[in-house]
Amino acid sequence: MYRPVAYAIDTAELLHAVMRKRSFATVAAVIEDKLRFAYAPVVVDAEPRPFGAVRFHLARANPMSGVDETPVLLSFLAADAYVSPDWYETKGFVPTWNYIAVEAEGRARALDESELRQLLIVLSAAAEEPLRPKLPWTIDKVPEERRTMLLNRIRGFHVVLERLEGKFKLSQDKKPADTAAVISALEARGDEASRAIAHAMRTSQVS
């Protein structure tokens with residue numbers, strides 16, 4: 001990832017927060033000499049240090065399910081928003097885009113059956129929690145015979161991260177007056193992505 005110094009973020013805890021907030025990742029790997037992509041929700045683990053690890057699963061029929069013992073790249077794109085040059089106090093700028101992105105890299109290891117089951121439990125619990133007061137769905141609601149069949153149709157992976165880096169492009173290279181003007185304009189737009197970028201510009205935190 002191209003990262004000018006002003007935009008580079010390397011704090012693992014902050015990057016993990018972005019990954020958990022936007023946990024649906026793009027996964028890339030070279031399989032049989034061809035670059036392939038897959039898309040999957042991930043669980044982010046803080047350990048092992050310094051970069052942590054991720055877990056995800058794919059359909060067994062997906063060519064990307066052959067990534068066992070293979071290097072993989074993961075991309076997480078969080079909030080993004082267009083920035084109009086008309087918003088700056090200083091004149092002469094051109095349109096740009098502010099955004100938050102994280103990239104991670106490591107070698108995939110296939111999960112065994114018990115590890116895969118645990119991954120599904122954690123994934124569903126995280127996705128169900130925001131739906132309360134609805135009682136959370138759990139994997140035990142699936143009859144055992146069907147559960148076994150479904151588990152056989154997917155493969156899970158654990159990736160200890162060997163590289164983790166973020167890019168928070170948030171107008172850090174602009175004068176304070178210009179940055180403040182962009183924040184105000186984004187907040188005035190009112191959509192969720194613009195508000196998230198405005199919040200990040202104020203705090204350097206993902207919202």
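**A buried glutamate, its strand and the surrounding sheet**

At 14% relative accessibility, glutamate 165 counts as buried, where buried means under 20% relative accessible area, exposed over 50%, and partly exposed in between (1.4 Å probe, protein chains only). The structure is a predicted model, in which local features need pLDDT of at least 70 and side-chain atom pairs count only at pLDDT 80 or more, while totals for chains, interfaces and linings use all residues. Residues are numbered from 1 along each chain as its sequence is written, and side-chain values use heavy atoms, with hydrogens and water left out.

Glutamate 165 sits in strand S8; helices (H or I, at least four residues) and strands (E, at least two) are DSSP runs, numbered from the N terminus. Setting aside residues up to four places away in sequence, glutamate 165 touches Met1, Arg3, Ile9, Asp10, Leu15, Ala101, Val102 and Glu103, contact being heavy atoms within 4.5 Å. Its side chain also makes a polar contact of 3.0 Å with the side chain of arginine 163. A polar contact is a pair of N or O atoms within 3.5 Å; within protein, one must be able to donate a hydrogen and the other to accept it, and residues adjacent in sequence count only if both atoms are side-chain atoms.

The burial of glutamate 165 fits into a wider picture of its strand. In S8, 12 of the 16 residues are buried, so the strand is largely enclosed by the rest of the structure. Several strands pair with S8, a pair being called when DSSP finds at least two bridges between two strands. Strand S7 (residues 96-110) and S8 (residues 154-169) run antiparallel and are joined by 12 bridges. Within this pairing, alanine 108 stands opposite valine 159, and alanine 101 has lysine 167 as its bridge partner. S5 is likewise antiparallel to S8, with 7 bridges, and here phenylalanine 56 is matched with phenylalanine 157. Strand S1 (residues 8-9) adds 2 antiparallel bridges to S8, with alanine 8 partnered by lysine 167. Beyond S8, strand S7 also pairs with strand S6 (residues 71-83) in the antiparallel sense over 11 bridges; there proline 71 has arginine 107 as its bridge partner.

Charged side chains come next. The whole structure holds 15 salt bridges, each defined as a side-chain nitrogen of Lys or Arg within 4 Å of a carboxyl oxygen of Asp or Glu. One of them links arginine 55 to aspartate 45 at 2.9 Å, N to O. Arginine 55 lies in strand S5 (residues 53-59) and aspartate 45 in strand S4 (residues 43-45), so this pair ties together parts that are 10 residues apart in sequence. Arginine 55 is buried, at a relative accessible area of 15%. A salt bridge also joins glutamate 129 and arginine 132 (3.0 Å, N to O); glutamate 129 is partly exposed at 44%, and arginine 132 is partly exposed at 44%. Aspartate 191 meets arginine 189 with their closest N and O atoms 3.7 Å apart. Salt bridges that share partners join Arg3, Asp10, Glu103, Glu105, Arg163 and Glu165 into one network, which brings the account back to glutamate 165.

On the surface, Phe24, Val30, Leu35, Phe37 and Tyr39 form a nonpolar patch with about 540 Å² of accessible area together. Patches are made of residues with over 30% relative accessible area and no salt bridge, like charges being joined within 9 Å and nonpolar side chains (Val, Leu, Ile, Met, Phe, Trp, Tyr) within 5 Å; accessible areas come from the Shrake-Rupley method with a 1.4 Å probe, and for residues only the protein chains shown count as cover. Strands S2 (24-31) and S3 (34-41) each supply at least two residues of the patch, and S3 gives the largest share, 3 residues. Tyrosine 39, in S3, counts as exposed at 51% relative accessibility.

The backbone offers some features of its own. Most residues other than glycine have a negative phi, and most peptide bonds are trans. In the loop between S2 and S3, glutamate 32 has a positive phi of about 50°, and aspartate 33 has a phi near 65°. Glutamate 32 is exposed at 72%, and aspartate 33 is exposed at 79%. The peptide bond from glutamate 47 to proline 48 is cis, with omega near 0°, and proline 48 lies in the loop between S4 and S5. The bond from arginine 132 to proline 133 is also cis, with omega near 20°; proline 133 belongs to the loop between helix H2 (113-128) and helix H3 (144-151).
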